[in-house]
Amino acid sequence: LRETDQPVHLGLIESTDAAKTWEGLSLQGEADFHALEPAGDRLYGYDSNNGVLKITRDKQRWADLARVGVTDLAVNPDDPDDLLVTDSRAAVLRLGETQELRAVPASPRLAFVDWPSRDLLVGVAPEGTVHRSSDAGGSW
């Protein structure tokens, strides 16, 4: 995409040449993704333009999962259905097989999360404190 060709809401775009050029894949002019998280054959995304958490398997067709203000996303590396969401209030929510967002009990308030391995889930609180869980968020 050239600068003059870009819509206000970029949707999902992709570069295959180290960001020299960009190609629109889907939802151009409709979605503004502020968080994206790949998980196996899935891609989770938070469309801040519409306030909706979405999912795609082909980067073309998207399904809405929940209406929520998302700050960050993290996926269990062993289970692409196990998604953690931090919301605009720094609450930690889990989207599991039921496709419903539920609060993670006993979780600290977190703004950012990352799940690099089965036994390491890390989060950063709004004031900067780093938290760690080795049991998928069961304890911190």
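**Sheets, cores and two buried loop residues**

User: Okay, P108 first: is this residue buried or exposed?
Analyst: Keep in mind that we're looking at a predicted model. The relative accessible area of P108 is 18%. Buried means under 20%, so with that 18% P108 counts as buried.

User: Which loop holds P108?
Analyst: P108 isn't placed in a strand here; its spot is a loop. The strands on either side of that loop are β10 and β11. So, with strands being DSSP runs, the answer is the loop between β10 and β11.

User: What does P108 touch, not counting residues up to four places away in sequence?
Analyst: We skip the residues up to four places away in sequence. Contact takes heavy atoms within 4.5 Å. That leaves P108 touching A90, V92, H131 and W140.

User: How many Å apart in space are P108 and E30, C-alpha to C-alpha?
Analyst: Along the chain, P108 and E30 are separated by 78 residues. In space, their C-alpha to C-alpha distance is 34 Å.

User: On to the sheets: which strands stand at the edges in the order β11-β12-β13?
Analyst: Those three strands make an open sheet with antiparallel pairing. Two of them have a single partner strand each, so one side of each is left without a neighbour in the sheet. The twist from one strand to the next averages 20 degrees. The edge strands are β11 (112-117) and β13.

User: In β12, which residue is the bridge partner of D114?
Analyst: β11 and β12 run antiparallel and are joined by four bridges. One of the pairs places D114 against a β12 residue, and that partner is V122.

User: What phi does G128 take in the hairpin of β12 and β13?
Analyst: β12 (residues 120-124) pairs with β13 (residues 130-133) in the antiparallel sense, over four bridges. Across that pairing, V124 stands opposite V130. Between the strands of the hairpin sit five residues. G128 there has a positive phi, near 105 degrees.

User: And in the sheet β7-β8-β9-β10, what does the twist average from one strand to the next?
Analyst: Here four strands form an open sheet, paired antiparallel. β7 (70-75) and β10 (101-103) each have a single partner strand, so each has one side without a neighbour in the sheet. From one strand to the next, the twist averages 30 degrees.

User: Which residue in β8 does D72 stand opposite?
Analyst: β7 and β8 (residues 83-87) run antiparallel, with five bridges joining them. Look across from D72 into β8 and you find T86.

User: Which strand gives the largest share of the largest nonpolar core?
Analyst: That core has 16 residues, and Y44, L53, L73, L83 and V85 touch the most other members. Strands that supply at least two of its residues include β3 (33-39), β4 (42-47) and β9 (92-95). The largest share is three residues, and it comes from β7.

User: How many residues are in the other core, the one with V92, V113, W115 and L121?
Analyst: L73 has contacts beyond its neighbours within four places in sequence, among them Y44, L53, L83, V85 and V113. V113 is listed, along with V92, W115 and L121, in another core that lies apart from the largest one. The number of residues in that other core is eight.

User: Last one, D82: buried or exposed?
Analyst: D82 lies in the loop between β7 and β8. Its contacts, leaving aside neighbours within four places in sequence, are A74, V75, N76, R94, L95 and W115. Its relative accessibility is 11%, so D82 counts as buried.

Conventions. Residues are numbered from 1 along each chain as its sequence is written. This is a predicted model: local features need pLDDT of at least 70, side-chain atom pairs count only at pLDDT 80 or more; totals for chains, interfaces and linings use all residues. Side-chain values use heavy atoms; hydrogens and water are left out. Two strands pair if DSSP finds at least two bridges between them. Axes are lines fitted to C-alpha atoms, for helices over the stretch in contact, and angles run from 0 to 180 degrees between N-to-C directions. A nonpolar core is a set of buried Ala, Val, Leu, Ile, Met, Phe, Trp, Tyr and Cys residues joined through side-chain atoms within 4.5 Å. Buried means under 20% relative accessible area, exposed over 50%, partly exposed in between (1.4 Å probe, protein chains only).
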